[in-house]
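Notebook open, model loaded. I want to go through a few spots and jot down what I find.

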Amino acid sequence: MRRVVRGAAYALLPAEVVLAVCLVAGVRIPGAVVLGAEVAVLALLGAEVFLYVRLRRGGLSRRQAVGVLVPEPVARLVGHELRLMVSLVRWVARRPQGVGEAVGGGVFGHARAQAAYMYGFAFVCVVETVGMSFLLASWPVVHAVVLVLDVYTVLFVFGLHAASVTRPHLLTAGAVRLRQGAHVDLVVPLERIAAVRYELLFTHEKADGVLNLAVASQTSVTIALSEPVTAVSLLGKPYPVHLVRCHADDARTFAAALRQALTPVAPPEVTPVVTPERTAPSPVPDPLG
């Protein structure tokens with residue numbers, strides 16, 4: 001039944017999008033077709049709810065049940081959108097995510113270099129929203145649809161920047177957590193780091209095993225690993241990484257903090273306790289002598 005429901009979803013959802021586009025464009029569609037499409041969508045939702053309840057009763061957790069019903073790429077894309085919106089709230093509230101895990105002030109922001117670009121892009125989106133509102137004023141339905149899309153685009157752009165601001169790199173006990181926006185969160189154990197160096201790069205060639213976390217097309221810290229770690233792409237594909245290039249607002253301090261964390265702490269020197277050697281007692285003088 002799961003395969004049938006998933007196949008119906010792959011068929012119905014694109015058909016629903018096409019139907020919505022036709023309605024917005026003014027194409028006349030028989031009422032029976034529209035009613036049939038809506039009934040099919042409601043039936044699909046009902047089947048999804050039935051399967052979800054059945055899986056939950058079977059002992060699966062909420063995340064596992066959703067993972068069975070929803071393809072992983074779709075679930076990850078929706079989760080990414082939700083994290084962007086949550087990042088906007090955290091940005092306004094000035095509450096970075098996960099900073100409580102850092103030790104010794106090991107919080108390193110990396111969004112400063114892209115701020116001007118993101119604000120400029122958001123301004124262009126706002127201007128485009130206003131312009132389209134005036135141009136489409138004579139078509140109320142199209143105007144409403146385009147307005148919703150434009151406003152969401154503005155929120156999406158601000159959410160991208162907010163995710164970078166509220167998710168800094170973290171130096172935790174025994175690991176470094178490297179992040180980029182709301183889609184990369186890589187934990188690298190310190191024992192797997194072979195070398196750390198400050199290296200400012202503006203061009204990055206794609207290569208197997210290399211992860212480039214560029215900000216405004218630049219990276220400034222290169223981390224070489226003695227053993228690969230597993231990174232996960234936005235759509236959920238895992239791949240091994242043996243070299244990571246990332247960026248930090250204060251890259252030299254970040255690199256120095258990493259190198260210091262890799263340096264083993266020498267045990268304190270113990271000053272030996274010197275016990276004076278015992279000698280024979282002095283002779284007692286003769287009182288009559």
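Started with Ala-15, which I found in helix α1, residues 2-25 (helices are DSSP runs of H or I with at least four residues, strands are runs of E with at least two, both numbered from the N terminus). This is a predicted model, so I kept in mind that local features need pLDDT of at least 70 and side-chain atom pairs count only at pLDDT 80 or more, while totals for chains, interfaces and linings use all residues. Residues are numbered from 1 along each chain as its sequence is written, and side-chain values use heavy atoms, with hydrogens and water left out.

Is Ala-15 buried or exposed? Neither quite: Ala-15 comes out partly exposed, at 42% relative accessible area (buried is under 20%, exposed over 50%, partly exposed in between, with a 1.4 Å probe and protein chains only). I also checked Ala-15 against Ala-37: they sit 22 residues apart in sequence, and their C-alpha atoms are 8.3 Å apart.

Next, the β3/β4 hairpin. I see strand β3 (175-180) pairing with β4 in the antiparallel sense over six bridges (two strands pair if DSSP finds at least two bridges between them). Gln-180 has Val-184 in β4 as its bridge partner. Three residues lie between the strands, and Gly-181 takes a positive phi near 60°.

Which way do the β4 side chains point? They alternate along residues 184-189: Val-184, Leu-186 and Val-188 point to one face and are buried. Asp-185, Val-187 and Pro-189 point to the other face and are not buried.

Then the four-stranded sheet. I noted an open sheet in the order β5-β7-β8-β6, with mixed pairing. Its edge strands are β5 (193-201) and β6 (210-212), each pairing on one side only. Neighbouring strands are turned by 35° against each other on average, direction ignored (axes are lines fitted to C-alpha atoms, for helices over the stretch in contact, and angles run from 0 to 180 degrees between N-to-C directions).

Looking at β5 again, I find an antiparallel pairing with β7 (219-232) over six bridges. Ile-193 stands opposite Leu-225 in β7. Helix α7 (251-262) packs on this sheet, touching β5, β7 and β8 (238-246), and its direction makes about 170° with that of β5 (contact means heavy atoms within 4.5 Å).

Last stop, cysteines. How many disulfides does a search of the whole structure find? Zero (a disulfide is a pair of cysteine sulfur atoms within 2.5 Å). I looked at burial too: Cys-125 counts as buried at 9% relative accessibility, and Cys-246 is buried at 0%.
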